[in-house]
Structures are given as C-alpha cells and as structure tokens.
Amino acid sequence: MTRSVDPFVPIMPGQVGLYACGLTVYNYAHIGNLRTYIFEDILRRALTFFGYQVNHVMNVTDVGHLISDADEGEDKMLLGARRMGQLAWELAEFYWQAFRQDLRHLNILEPHIWCKATDHIPQQIALVQTLEAKGFTYTLEDGVYFDSSKLDDYGKLARLDVAGLQAGARIEMGQKRQPTDFALWKFSPLGQQRDMEWDSPWGVGFPGWHIECSAMALHYLGEQFDIHCGGVDHIPVHHTNEIAQTESATGQKPWVNYWLHGEFLIIAPDESGKDEIKMSKSKDNFLTLAYLEEQGYDPLAYRYFCLTGHYRSPLTFSWSGLDAAANAFNRFKHHILELRGQAQANAPLAEAHFYAFQQAVADDLNMPRALAALWGLLRDAAVPSSSKYATLLAMDAVLGFDVANFAAHEEAVPAEVVALVEERAAARQSRSWGRADELRQQIIALGYSLEDTPTGPKVKRA
Ligand SMILES: [Zn+2]
C-alpha cells in the first residue's frame, strides 16, 4: 500500500494474522503460482524465526472465479469440470489434493487454516447483506453488484486512475454503472442447472470470487489484521475489490496493515526453441512441478531457484537457470552431508555469518543476500565444521530446505564430480569437443555415468 519498506508492527504483540489467497482449484498450480507460495512460506517461517506466533489462513477457491475479471465468462470450475467430465466438486477435491502434494514436495508449510469458499457460503451471503443494508449494492438481471462510486478511495491499493477507466471501458461494462463495479453474487443462468449453486435472499446462484476472500478473512482473522499476501496480478482487481467491500462493511477501518505481493515468474523463450510452453493456465500446456520432477529435478532445487530472486522482482525461468540452481543446490546438499558427520550437540553458532543471514531476512526477505551469507559460511575455513552445521540448521528454519532430513542414502553427487560436469558443459558451449570428451572420461573414471538430456546433463552413480 505504501510502495515502501516499512517496519513491521503487529496489532497484537507477538502475534501475526496472515491471509494468503489460495489456488483456484480447476487445474494444477503452475510453477509461477508456486513461486508465490514459496515466498509466502519464507515470510511465515521468517516471522516464526523472529519470535512471532503466526496464524496463517489460506482459502481454496472452489467456486465463483470467472474466466474474465470483468464478471463475465464462465466459472473456471465449471469449465474445468466439463473438460474432465466430472462434477465441479470432484474436480475441486482432486486439484486441491494435487496442490497440497506440490506444497509438501516444496517443503512449504500448510496453512494453519484451510478454508474452502463452498464451506463458507452463509458468511458470504451475510457480508453481501451487510453491504446491501449500508447502501453499497445494486441488483441487475445477472447478479448483485458493488457500487464502487460510493467510495472516495476505491482503487487505493493499485492507485487506479478511476476516471480514466471510466472513460476507456464503455464496451466491457455491460449493465454495470461503473466499470470498476463488481459482482458480489451471481445468479445461475436461467434454465441451466449448475452443480454448485445456493439459495440466497436475491435468488439462486453463487458468490463472486472477491467476496470469498473478504468473508473468510473476516471470519478467521477479524476486521483488522496484519498481513495479506498474494500475487501482483491480484492488485488491480481482486485485492482492490476485497478492500472496497470489506472496509465498506466494517465502516472504513483500515482492514489490512501490510500488503505483500509476489512478482511474476517469466518464462524465457527456450534457447533451442524446442519447448514452447506457455505459462498461462488457460492453455492446456503449462509448467507444473510434476513436470519438473519428471525431468529429474528435485522440487527443492526449484525452491532454491526461487530464492535466487527477490520476491518483489520478476524472476526469469529458463532450463539453464534451473540447472544452475540445481547444481548449486546439489553442492549445498553435498556440504551438508559431509558436515553432518562432524555435528556436535551444543556447537556454538558462527555468529558473524548468522548475523549477516538474519539481517538479510529481516530486510524485506532479501533471500539472494541470505543465500550469499550461507555460502559465505560454507567457504569460511576459519569456522569449525560442527559450528557450520549448527548454523546451517538454524538458517534452515527460514530457508526450509529440510536440511536435517537430507537423506544420506540418496548420496548427493560429490562436489568434485559436479565441478567436472559444469566444466564439461562450459567446454561444450565453447565447442571444445576434445576437452569435453576428456572431462567425460574423468567423470566416468570416478564411477559416475553422464547422460545429455534436453534439459541438461544428468549424472548418476554408475
Ligand atoms: Zn483472494
């Protein structure tokens, strides 16, 4: 809201109410969505690390999210259900469970409270009734709408040019009084039975997407709470409308003290042009975590990749970038497995490195700098191994790589071999084929096999 980094002051000392917009469960999460959930996981872990008790609430959008932000087009759930030949209810359960599996694989902590929109219809209806009683609504033939002209500060989060929108958007408006008005409750289309619809004081239908988040956040976190998160794509419409309707209902109290948004993941056009996968969920073809896993990537390598960028900056995804992150993560894993053998209970922390790490985390979650502090620790020959390991375990409370459970039996590829593989990749890039072949022989001599795949070399113990 302030476009600046502000000190965090909780409403209740020592406690944080945290609401994060969840997935619309009509398809798998794409890796761009997952980048946002990784950022939110780091936020939650960081707050816990600094001593706060966090109450983390996440919704499951299982009804009402229409194809178009302009309150038109079909409900994404019904479209997905038709595609799959299933009921929307079955579809929601399937993709919610798939999403939870992604979270587990990425070692993202599940929210303390999961709330499904379809389990909170009475709360949503009650909120629309409050808005109606206060004169913020009007009814059209297809639904009940919020009248955004009743607010002086509509669009304050996105800093919208409301007058400009007014002038520019006549065509998409339909019957709406202002282009920035939005549906609170949509009526089921005449003569069509939906498998998700409810009675309401206005007629049979279903809630709008925005009212879901307002109603559930109010229900679980109250009329004022600390932090609301989401992706930057939520700012101009979804979060703008959440604020408008909630603050209208509660009497203009500032609803949320801090808004934090994760930036986009941008898919770089593949260097070889072989893999033209779009990020948009409306296409059938988009990158999922399961796809990365099929390609042989450890999901935690994707977590590592995401931490190489600051959450407020766009991050460019490419296979070579992911390979670099996977190599770094492998080296990290190798160090951990080596150091673990020298672990000692009560080993002192490496204070200077740990302090640098904490400073980075506390500075608006600067994870690239936090990772630099981690590598600074690993490279510091003056720090005893037992202290290194103890400090890495302490850092992992924020990083969430689950260092304590790195399995020795998986046996990370030794750093020496990883270095040879990287050198060979560089040799191939510069077309030094003879040198590349020499390096391959050295890798084989160390007992490893090497396979070149479309996504980069794969190394395994032979
Ligand atoms: Zn939301």
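**View 1. Confidence along the chain of this predicted model.** The protein chain has an average pLDDT of 90, and 93% of its residues score at least 70, in what is a predicted model. Over residues 273-283, however, the pLDDT is below 50, although this stretch has 19 contacts in the model beyond near neighbours in sequence. Where pLDDT is low, the predicted coordinates should not be read in detail.

**View 2. The open sheet of five strands.** Five strands, taken in the order β3-β2-β1-β8-β9, form an open sheet in which the pairing is parallel. The edges of the sheet are formed by β3, which covers residues 113-116, and by β9, which covers residues 256-262, and each of these two strands pairs on one side only. From one strand to the next, the twist averages 20°.

**View 3. The pairing of β1 with β8.** Within the order of the open sheet, β1 is followed by β8, and this view turns to that pair. Strand β1, made of residues 15-20, and strand β8, made of residues 225-231, pair in the parallel sense over three bridges. One residue to look for here is A20, whose bridge partner in β8 is C229. In a regular strand the side chains alternate between the two faces of the sheet.

**View 4. Helix α6 lying across the sheet strands.** Helix α6, which spans residues 209-221, lies across four strands, namely β1, β2, β3 and β8. Of these, β2 covers residues 53-60, and the helix runs at about 150° to β2.

**View 5. The packing of helix α10 against helix α14.** Helix α10 (residues 319-340) packs with helix α14 (residues 415-429) at an angle of about 165°, and the axes of the two helices are 10 Å apart. Because angles over 145 degrees count as roughly antiparallel, α10 is described as roughly antiparallel to α14. The crossing in which α10 passes α14 is left-handed. On the α10 side the contact involves N327, N330, R331 and H334, which meet A415, V418 and E422 of α14. Sorted by character, the residues of this contact between α10 and α14 comprise two nonpolar, three polar and two charged.

**View 6. The hairpin of β4 and β5.** Strand β4, which covers residues 137-140, and strand β5, which covers residues 143-146, run antiparallel and are joined by four bridges. The hairpin that leads from β4 to β5 passes through two residues. Among the paired residues is L140, which has G143 in β5 as its bridge partner.

Notes: Residues are numbered from 1 along each chain as its sequence is written. This is a predicted model: local features need pLDDT of at least 70, side-chain atom pairs count only at pLDDT 80 or more; totals for chains, interfaces and linings use all residues. Two strands pair if DSSP finds at least two bridges between them. Axes are lines fitted to C-alpha atoms, for helices over the stretch in contact, and angles run from 0 to 180 degrees between N-to-C directions. Two residues are in contact if their C-beta atoms, placed from the backbone, lie within 7 Å. Angles under 35 degrees count as roughly parallel, over 145 as roughly antiparallel, 65 to 115 as roughly perpendicular and the rest as oblique. A crossing is left-handed if the near helix is turned anticlockwise from the far one by less than a right angle, and right-handed if clockwise. Ala, Val, Leu, Ile, Met, Phe, Trp, Tyr, Cys and Pro count as nonpolar, Asp, Glu, Lys and Arg as charged, and the others, Gly among them, as polar. pLDDT is the predictor's confidence in each residue, from 0 to 100.
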